[in-house]
Every structure is written in C-alpha cells, then in structure tokens.
Amino acid sequence: MDYDPFSDAAMRDPHAQYLELRKKSGPYFIEKYNAWALVHFDDIWKVSVEHEADMTFTAGQPLTNVLLNEPVPHAFPSMDLSEHRKWRRIVHADYTKSNVESDRPRIEALARELLAPLVERGRFDFYTDYVNRLFAINAGHNLGLGRDESIEWRRLIDETMHRETGQVGTSSPRNHAAAMALFGQLHAYVEGLRRNPERAGGHIRKYLEAEVDGRRLENQDIVSLLVIFLTVGSGTTPNVCAGAVYYLAQHPDQQQAVLGDRSLTPRAFFEAARYDQPTNILCRRAIRDIPVGGETIRAGQNILMVYASGNRDEAEFERAGEFDIFRSCPRDLTYGIGGHKCLGMHLATMAGTIALDEFFRISGRYRVDSANCTRAYGEFLSGFDHVPVELGA
Ligand code: HEM
C-alpha cells in the first residue's frame with residue numbers, strides 16, 4: 001500500500017491504513033519524504049527509550065516542519081534535551097499534579113456553568129458547544145487571558161490548522177491570514193504586557209521574568225509559549241472527551257455502566273485516548289543510525305512516531321481495535337515517552353475527567369446523532385470535532 005500522511009484518506013481517518021501498515025513487521029519507508037513511519041507499539045517504545053539521544057527534535061515535531069521544511073518555532077518541544085531542560089523548567093511547576101489539582105474546583109464550576117444552558121436545550125454539540133469552549137477558556141485562564149480573547153485565539157489557531165481537501169501543509173490563504181492575525185495580536189499583547197507588567201496574569205507573569213542562560217525571554221519566545229499552550233492546552237483533550245461520549249454511545253452496555261457508576265469515568269477517558277489518540281503523529285530526525293524492527297534508520301532520515309497506530313497495535317493490546325473501558329493497559333503511548341513526554345498530562349487527565357463526569361451527571365442515557373458527527377480533517381490532530389448529542393430522560 002502507498003501510505004502518505006498528507007493524502008486525503010489519511011487526513012480523513014488514518015486508522016484503516018494503520019491497520020494495513022501494521023500487518024508487516026517493522027517501520028514503513030515513505031520514499032517521498034525520506035521518512036520512516038513507526039506504526040508498531042514496540043518500535044515506537046524502543047526507539048523512544050533506547051535512542052532518544054540518536055534523534056534531533058530541532059527539525060520540529062509536526063509533519064509540516066519535518067517533512068515539508070516549514071519554519072520551526074524556537075520553543076522547547078523543538079529542542080534537544082540539554083537545551084530543552086532549561087526551557088521546560090520555566091513551565092514545569094505549573095503543570096505538576098498537585099498544582100493542577102488545586103484548580104479542580106474552578107474547572108468543575110466552569111464545566112457546570114457551560115453545561116447549564118445546554119441542559120435547557122436538551123440537544124447540543126458536545127464538542128463545539130461544550131468541551132471546545134471549556135478547554136479554550138481554561139487554557140486562556142492559565143495564561144491570564146479573558147474568555148473572549150481565549151475563544152478568539154483558539155478559533156484563529158483552528159484556522160491555521162484548517163486543511164482543504166488534499167491540502168499539503170499550511171499553504172492555503174486561509175491558513176496564512178489566520179497566522180498573520182494570530183501572531184500580530186499575540187505580539188501586540190506581549191508588547192503591551194512588557195509596558196504594563198502589572199496587567200499580566202496567570203503563568204505569563206512568570207514568562208515575563210524568566211531567564212535562560214542569564215538572559216530574559218524575548219517577546220517572540222513568549223509568543224511561542226502562548227501559541228503552544230493555547231494549542232495543546234485546548235486542542236487535544238476535547239477531542240478525547242468527544243470520542244469518549246461517541247464511543248460510549250456505540251456501546252450501550254459500557255454507557256450504562258459509566259452512567260451507573262461514575263467512578264468509571266477516568267476509564268472512559270483513558271480508553272478514548274488510547275483508541276482514538278489525538279496526537280496522531282509526532283516527528284524527529286535521526287542524527288545517528290538507528291536499528292529498528294529489522295531495518296536501519298539512517299542518520300539524516302525523518303522519523304514519524306505514529307502514536308495513534310501504536311496505541312491500537314494488536315501485538316500490545318488484546319482486541320486492540322475494540323473500545324473497551326474495562327481493559328487494563330500495562331503500557332500506553334497516550335502521553336508519549338521520554339524527555340518530551342506530555343507536560344500537560346495531569347491537567348489533561350483531571351480536566352478531561354471532570355468535563356466528562358459533569359456531563360454524565362446530568363446527561364441520562366444520552367443519544368449521539370452519529371450521522372452528523374465529523375472528525376477533524378488534517379495530518380496533525382485526530383479525533384471528533386462535532387458530536388451532536390440529545391440528553392436522555
Ligand atoms: C488527552 C490530551 C493530551 C494528549 C493525548 C497529549 C499527548 C502528548 C504527547 C504524545 C506528547 C509527546 C510529544 C512527542 O513525543 O513529541 C505531548 C507533549 C506535550 N504536551 Fe500533551 N497531550 C495532551 C494534552 C495536553 C495538555 C492539556 C497540555 C497543556 C499544557 C499539553 C502540553 C504538552 C506539551 C507542552 C508538550 C511538549 C512537551 C515537551 O516537548 O517537552 N498536552 N503531549
């Protein structure tokens with residue numbers, strides 16, 4: 001089979017292709033991009049654990065950077081470990097389990113507030129009307145932003161990631177216009193805070209003061225942090241929640257179990273994240289030869305960590321292609337592995353579980369209008385972005 005992560009089929013829903021790719025052992029070579037796609041759980045795991053120092057992150061992590069050579073932002077996800085450590089240190093404390101836990105009551109209250117008018121309506125879009133707003137507002141709050149600007153900047157980020165059918169990379173006028181608007185507004189915002197630092201709220205206060213190697217962060221560095229946290233802070237967890245609601249509705253026995261015993265909600269969240277991993281593919285570039293699955297990735301070649309495939313690998317998970325909240329997973333790839341493991345994993349787990357739990361608290365046996373559900377279209381993020389629901393009795 002001829003696999004291309006930018007093909008229309010892959011951007012629509014890559015799972016059928018991943019199933020085919022996993023039938024052959026070892027990684028799959030994509031000549032066009034001089035890239036190896038690691039589609040098996042064990043290959044991704046081993047390369048991450050044993051060969052992290054044999055790869056560079058400086059070519060970027062999204063496919064658009066590594067395969068298409070689009071410009072790489074100067075930000076810690078795209079740094080190698082020695083440099084990465086100095087920058088990740090600035091943001092680390094805000095995302096520890098205990099710091100995130102202290103925000104639980106605020107996030108619960110926000111979820112209830114957003115759900116209240118939706119309950120009145122009885123029918124709404126679980127993704128657009130609820131979780132997308134919840135996570136945009138929360139990511140913005142953490143950065144000291146108001147609700148309107150959080151939602152507007154989230155919308156612009158979505159626009160930069162919008163893909164026309166078969167579009168390769170961020171080449172459309174729509175992407176460019178959104179990027180210009182977003183970066184223009186963020187730069188103006190950071191410049192304003194430099195002039196009036198007392199107006200800075202949330203984590204951004206720390207960024208204004210932070211130093212690396214004795215030098216203050218530049219405005220551009222702070223803008224990059226804002227883009228990262230607005231994007232990943234609000235762009236993955238809602239897809240997992242929407243997936244959980246969708247897949248539970250497809251499995252009425254599991255839906256009934258969760259609604260009857262909400263201590264199962266975290267299981268629903270984790271299984272949706274495994275089964276429909278939102279961070280579909282993240283990349284690296286080899287700087288030394290790496291043996292994997294009977295092949296050798298040569299220095300200079302690109303590597304695709306196809307997390308969404310690894311998390312459905314039959315060699316790792318029994319009945320991997322079935323959604324089953326009762327499964328136990330000794331290992332998973334949901335939050336990645338190694339030095340670049342997800343910084344926001346405690347936040348994602350806690351806030352995702354809250355979002356679902358608050359919904360289940362009021363939903364009754366809800367129905368999903370599956371004919372009108374849609375998935376995000378593109379090479380980067382995967383998962384549902386429209387899930388119309390009707391609340392039950
Ligand atoms: C269910 C939701 C989420 C999933 C499945 C997820 C998954 C991942 C994965 C797989 C990586 C590793 C990237 C790699 O290997 O190259 C990662 C990195 C990262 N995630 Fe998440 N993530 C989620 C939510 C969040 C949230 C809410 C935040 C908010 C702070 C966040 C912030 C980050 C950051 C900053 C990195 C880069 C870390 C680094 O390079 O040091 N993520 N995430």
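Strand S7 (residues 282–286) is a good place to start: four of its five residues are buried, so S7 is largely enclosed by the rest of the structure. Keep in mind as you look around that this is a predicted model.

**Neighbours of S7**

Strand S7 has pairing partners to visit. One is strand S3 (residues 55–56), which runs antiparallel to S7 and is joined to S7 by two bridges. Within this pairing, Thr56 has Arg285 of S7 as its bridge partner.

Another is strand S10 (residues 302–305), and here the pairing with S7 is antiparallel over four bridges. Two of the residue pairs are easy to find on screen: Leu282 has Met305 of S10 as its bridge partner, and Arg284 stands opposite Ile303 of S10.

Strand S10 also pairs with strand S2 (residues 35–38), this time in the parallel sense, again over four bridges. Met305 turns up here too, with Leu38 standing opposite Met305 in S10.

Which way do the side chains of S10 point? Asn302 and Leu304 point one way, while Ile303 and Met305 point the other way, and all of these are buried. In a regular strand, side chains alternate between the two faces of the sheet.

**A histidine before S3**

Just along the chain, His51 lies in the loop between helix H3 (41–50) and S3. Is His51 buried or exposed? Its relative accessible area is 14%, and since buried means under 20%, His51 counts as buried. Leaving aside residues up to four places away in sequence, His51 touches Lys46, Ile290 and Pro291.

**The open sheet**

Elsewhere, three strands form an open sheet with antiparallel pairing, in the order S4-S14-S11. Strand S4 (123–125) and strand S11 (367–368) are the edge strands, each pairing on one side only. Between S11 and strand S14 (residues 388–390) there are two bridges, in the antiparallel sense. Arg367 has Glu390 of S14 as its bridge partner.

**Helix H8 and its partners**

Helix H8 (residues 126–142) packs against helix H12 (residues 219–235) and against helix H13 (residues 237–250). The geometry is set out here.

| Helix pair | Angle | Distance between axes |
|---|---|---|
| H8 and H12 | about 145 degrees | 8 Å |
| H8 and H13 | about 145 degrees | 9 Å |

H8 passes H12 in a right-handed crossing. On the H8 side, this contact is made by Asn132, Phe135, Ala136, Ala139 and Gly140, and on the H12 side by Phe229, Leu230, Gly233 and Ser234. By class, these residues divide into five nonpolar, four polar and no charged.

The crossing of H8 with H13 is right-handed as well. Here H8 contributes Phe126, Tyr127, Val131, Asn132 and Phe135, and H13 contributes Thr237, Pro238, Asn239, Cys241, Ala242 and Val245. This contact has eight nonpolar, three polar and no charged residues. Asn132 and Phe135 of H8 are listed in both contacts.

**The iron site**

To finish, turn to the ligand. Which protein residue is a donor to its iron atom? The single donor from the protein is Cys342, through SG, 2.3 Å away. You will find Cys342 in the loop between helix H16 (307–310) and helix H17 (345–363).

Terms used. Residues are numbered from 1 along each chain as its sequence is written. This is a predicted model: local features need pLDDT of at least 70, side-chain atom pairs count only at pLDDT 80 or more; totals for chains, interfaces and linings use all residues. Side-chain values use heavy atoms; hydrogens and water are left out. Donors are N, O and S atoms within 2.8 Å of the metal (3.2 Å for Na, K and Ca); water is not among the atoms, so sites may look incomplete. Buried means under 20% relative accessible area, exposed over 50%, partly exposed in between (1.4 Å probe, protein chains only). Two strands pair if DSSP finds at least two bridges between them. Axes are lines fitted to C-alpha atoms, for helices over the stretch in contact, and angles run from 0 to 180 degrees between N-to-C directions. A crossing is left-handed if the near helix is turned anticlockwise from the far one by less than a right angle, and right-handed if clockwise. Contact means heavy atoms within 4.5 Å. Ala, Val, Leu, Ile, Met, Phe, Trp, Tyr, Cys and Pro count as nonpolar, Asp, Glu, Lys and Arg as charged, and the others, Gly among them, as polar.
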